[in-house]
Amino acid sequence: MFKRIFQTGLIVLVAALFAHSGGAAELVIGVRTEPSIDPHFFYTTSNIGYSRHLYGRLVDIDEAGRMMPDLAVSWKALDATTWEFKLRKGVKFHDGSQFTADDVIFSVNRIPNVPNNPASYASQTKAIVEMKSVDPYTIIMKTAKPHTILLAQLSCVAIVSKKVAEGATSA
């Protein structure tokens, strides 16, 4: 008998919650610092968390710590200081423009140049000394010396649209 009353009460509670959930509500999230929508501004945990929901990266890290594709479908070391990345085709930014190697080069070059940045992402890209696009979907990156954590560092580098971000300011 008690089980039947409990089940009925639970059904009524769930129905009431669903009936009430139709209206808009405000979501409040507590963070230590004011977040920025610019994924290259202020290297903090909260900004990293926000940007992961909005921006892609060349590579990502799965729950077991293994590198996995994101905007790059594959990568390989051509030698101890040279990496080739094959980029995902068919990716579009929110404005409809195509994702290409130029966006990767722009994003990496933009990071150390974001003005008034209190905590730059530049530590994640400083090993890269040269980048060139072979074609719109292939990029070559060079480091000055072997850099074994380059892929892990690139998993922190959000890629933005050159068309949209060029000349934009951080907020």
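In this predicted model, helix α3 is largely enclosed by the rest of the structure, because eight of its ten residues are buried. The helix spans residues 101–110, and its buried residues are A101, D103, V104, I105, F106, S107, V108 and R110, a list in which D103 and R110 appear beside residues such as V104 and I105. The elements against which these buried residues pack are strand β4, strand β5 (128–135), strand β6 (138–143) and helix α5 (162–165).

The setting of α3 can be placed within the overall arrangement of the protein, which contains five helices and six strands. Along the sequence these elements follow the pattern α-α-β-β-β-β-α-β-β-α-α. Of the 171 residues in the protein, 36% are buried, and the accessible surface comes to about 10,800 Å², with 60% of that surface belonging to carbon and sulfur atoms. When the contacts with a separation of 6 or more are considered, 58% of them are accounted for by residues 24 or more positions apart.

Several contacts of this kind of reach in sequence are found around the loops on either side of β5 and α3. T100, which lies in the loop between β4 and α3, has a relative accessibility of 18% and therefore counts as buried, the limit being under 20%. Leaving aside neighbours within four places in sequence, T100 is in contact with L87 and P136. The C-alpha atoms of T100 and I139 are 9.2 Å apart in space, while the two residues are 39 residues apart in sequence.

P136, on the other side of this contact, belongs to the loop between β5 and β6 and is partly exposed, with a relative accessible area of 46%. P136 and T100 are separated by 36 residues in sequence and by 5.1 Å in space, C-alpha to C-alpha. When residues up to four places away in sequence are not counted, P136 touches L87, T100 and A101; A101 is also one of the buried residues of α3, and L87 is likewise a contact of T100.

At the other end of strand β4 (residues 82–87) lies T82, which counts as buried at 5% relative accessibility. The side chain of T82 makes a polar contact of 2.6 Å with the side chain of K142, a residue that falls within the range of β6 (138–143). Residues up to four places away being set aside, T82 touches K76, A77, I140, M141 and K142.

Two pockets were examined in the model. The largest pocket has a volume of about 420 Å³, and of the 23 residues that line this pocket, those closest to its centre are P39, Y55, V160, S161 and V164. By class, the lining of the largest pocket divides into 14 nonpolar, six polar and three charged residues.

The second largest pocket, with a volume of about 150 Å³, returns the description to α3, since this helix gives the most to the lining, with four residues. The full lining consists of I105, F106, N109, R110, N113, V114, P115, A165, G167, A168 and S170, among which I105, F106 and R110 also appear among the buried residues of α3. The residues of this lining comprise six nonpolar, four polar and one charged.

Backbone geometry was considered at two further positions in loops. Most residues other than glycine have a negative phi. F42, although not a glycine, has a positive phi of about 65°, and its place is in the loop between α1 (2–20) and α2 (45–54). N116, also not a glycine, has a positive phi of about 55° and lies in the loop between α3 and β5. With a relative accessible area of 74%, N116 is exposed, whereas T100, in the loop between β4 and α3, counts as buried.

Conventions: Residues are numbered from 1 along each chain as its sequence is written. This is a predicted model: local features need pLDDT of at least 70, side-chain atom pairs count only at pLDDT 80 or more; totals for chains, interfaces and linings use all residues. Side-chain values use heavy atoms; hydrogens and water are left out. Helices (H or I, at least four residues) and strands (E, at least two) are DSSP runs, numbered from the N terminus. Buried means under 20% relative accessible area, exposed over 50%, partly exposed in between (1.4 Å probe, protein chains only). Contact means heavy atoms within 4.5 Å. Accessible areas come from the Shrake-Rupley method with a 1.4 Å probe; for residues, only the protein chains shown count as cover. On a 1 Å grid over the protein atoms alone, a cavity is a set of points where a 1.4 Å probe fits but cannot get out, and a pocket is an open set with protein on both sides within 12 Å along at least five of seven lines; lining residues have an atom within 4 Å of a point. Grid points are joined across faces, edges and corners, and a volume is the space filled by probe spheres set on the points. Ala, Val, Leu, Ile, Met, Phe, Trp, Tyr, Cys and Pro count as nonpolar, Asp, Glu, Lys and Arg as charged, and the others, Gly among them, as polar. A polar contact is a pair of N or O atoms within 3.5 Å; within protein, one must be able to donate a hydrogen and the other to accept it, and residues adjacent in sequence count only if both atoms are side-chain atoms.
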